[in-house]
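These are my notebook entries on one structure. I wrote down what I looked up, in the order I looked it up.

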Amino acid sequence: MPQNRIFVLIAVLLVAGLWLYGTFFAKPRSPHQRPAGTTSPGNRRVDKTDADWKKQLTRSQYNVARDSGTEWPNSSELTHEHRQGVYTCVCCHNPLFTSATKFDSHTGWPSFYAPIVSNAVYDEPDGGRTEVRCSVCDAHLGHVFNDGPEPTGLRYCMNGVAMAFEEGK
């Protein structure tokens, strides 16, 4: 019995310590700042509060697009989408990619070799990778790699949950 009480005491102290640290000492993550000189199509911008994004998006959309998460491979219907159309940002409906630039990268995520227009997305360093964000609302979309097909040699590896598909455009 004394061992159980010691274990419970340690667990309670650990939880209390983590709560105190998070409440009084940890610095909140600063909001994302887009790189200087970044433009968007038509200089369009969409700025909303986190509360507004949470109302608009599903939990998985918010986790990926606003909190820089990653969906599971092959979890998005857009990975195997083969109709003609346009892929847009799930947050602001900014056109991002066309089906003409989509290819099967065998990675489990929708992949494209070029955005619909050069300033539809922007990229920035993300550790050892390069993160891709929507240029209108700064949503996290995925990452870009240098192992794609010609003509660009790029592979925009996108999270399907961060995009919507509009057929026929």
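**Entry 1: a pocket**

How many nonpolar, polar and charged residues are in the lining of the second largest pocket? I counted by class and got 3 nonpolar, 7 polar and 4 charged residues. I note here that this is a predicted model. The lining has 14 residues in total, and Glu-81, His-82, Lys-102, Phe-103 and Asp-104 lie nearest the centre of the pocket. For the volume of this second largest pocket I have about 160 Å³.

**Entry 2: the open sheet**

I then turned to the strands. One open sheet has 3 strands in the order β2-β1-β9, and the pairing is antiparallel. Its edge strands are β2 (95-98) and β9 (163-167), each of which pairs on one side only. On average, neighbouring strands of this sheet are turned by 30° against each other, with direction ignored. I looked at one pairing in detail: β1 (residues 85-89) and β2 run antiparallel and are joined by 3 bridges. Val-86 has Thr-98 in β2 as its bridge partner. A general note for myself: strands of a sheet pair through backbone hydrogen bonds, either parallel or antiparallel.

**Entry 3: strand β7 and its partners**

Next I looked at β7, residues 140-145. Is strand β7 largely enclosed or largely open? Of its 6 residues, 5 are buried, so β7 is largely enclosed by the rest of the structure. Buried here means under 20% relative accessible area.

I found β7 paired with β6 (residues 129-134) in the antiparallel sense, over 4 bridges. Arg-133 stands opposite His-140 of β7. The hairpin of β6 and β7 has 5 residues between the strands, and Asp-138 in this hairpin takes a positive phi near 70°.

I also found β7 paired with β8 (residues 155-158), again antiparallel and over 4 bridges. Gly-142 has Met-158 in β8 as its bridge partner. The loop between β7 and β8 holds Pro-151. The peptide bond that joins Glu-150 and Pro-151 is cis, with omega about 15°.

**Entry 4: two asparagines**

I checked two residues for their backbone angles. Asn-43 is not a glycine, yet its phi is positive, at about 50°. I located Asn-43 in the loop between α1 (2-25) and α2 (50-56). With a relative accessible area of 60%, Asn-43 is exposed.

Asn-74 is not a glycine either, and its phi is positive at about 60°. I located Asn-74 in the loop between α3 (59-65) and β1. Its relative accessibility is 49%, so Asn-74 counts as partly exposed, since exposed means over 50%.

**Entry 5: aromatic rings**

My last search was for aromatic pairs, and the whole structure has 4 of them. The ring centres of Phe-97 and Phe-112 are 4.4 Å apart and the planes are at 15°, so this pair is stacked. Phe-97 is in strand β2 and Phe-112 in strand β4 (residues 111-112), 15 residues apart, and the pair links distant parts of the chain. Both Phe-97 and Phe-112 are buried.

How is the pair of Phe-97 and Tyr-156 arranged, and why? The centres are 5.6 Å apart and the planes are at 55°, so the pair is tilted. This pair also links distant parts of the chain, with Tyr-156 in strand β8, 59 residues apart from Phe-97 in β2. Tyr-156 is buried, as is Phe-97.

I closed the search with the grouping: Tyr-87, Phe-97, Phe-112, Tyr-156 and Phe-165 form one aromatic cluster.

Definitions and conventions: Residues are numbered from 1 along each chain as its sequence is written. This is a predicted model: local features need pLDDT of at least 70, side-chain atom pairs count only at pLDDT 80 or more; totals for chains, interfaces and linings use all residues. Side-chain values use heavy atoms; hydrogens and water are left out. Buried means under 20% relative accessible area, exposed over 50%, partly exposed in between (1.4 Å probe, protein chains only). Two strands pair if DSSP finds at least two bridges between them. Axes are lines fitted to C-alpha atoms, for helices over the stretch in contact, and angles run from 0 to 180 degrees between N-to-C directions. On a 1 Å grid over the protein atoms alone, a cavity is a set of points where a 1.4 Å probe fits but cannot get out, and a pocket is an open set with protein on both sides within 12 Å along at least five of seven lines; lining residues have an atom within 4 Å of a point. Grid points are joined across faces, edges and corners, and a volume is the space filled by probe spheres set on the points. Ala, Val, Leu, Ile, Met, Phe, Trp, Tyr, Cys and Pro count as nonpolar, Asp, Glu, Lys and Arg as charged, and the others, Gly among them, as polar. Rings of Phe, Tyr and Trp (its six-membered ring) pair if their centres lie within 6.5 Å; planes under 30 degrees apart count as stacked, over 60 as edge-to-face and the rest as tilted.
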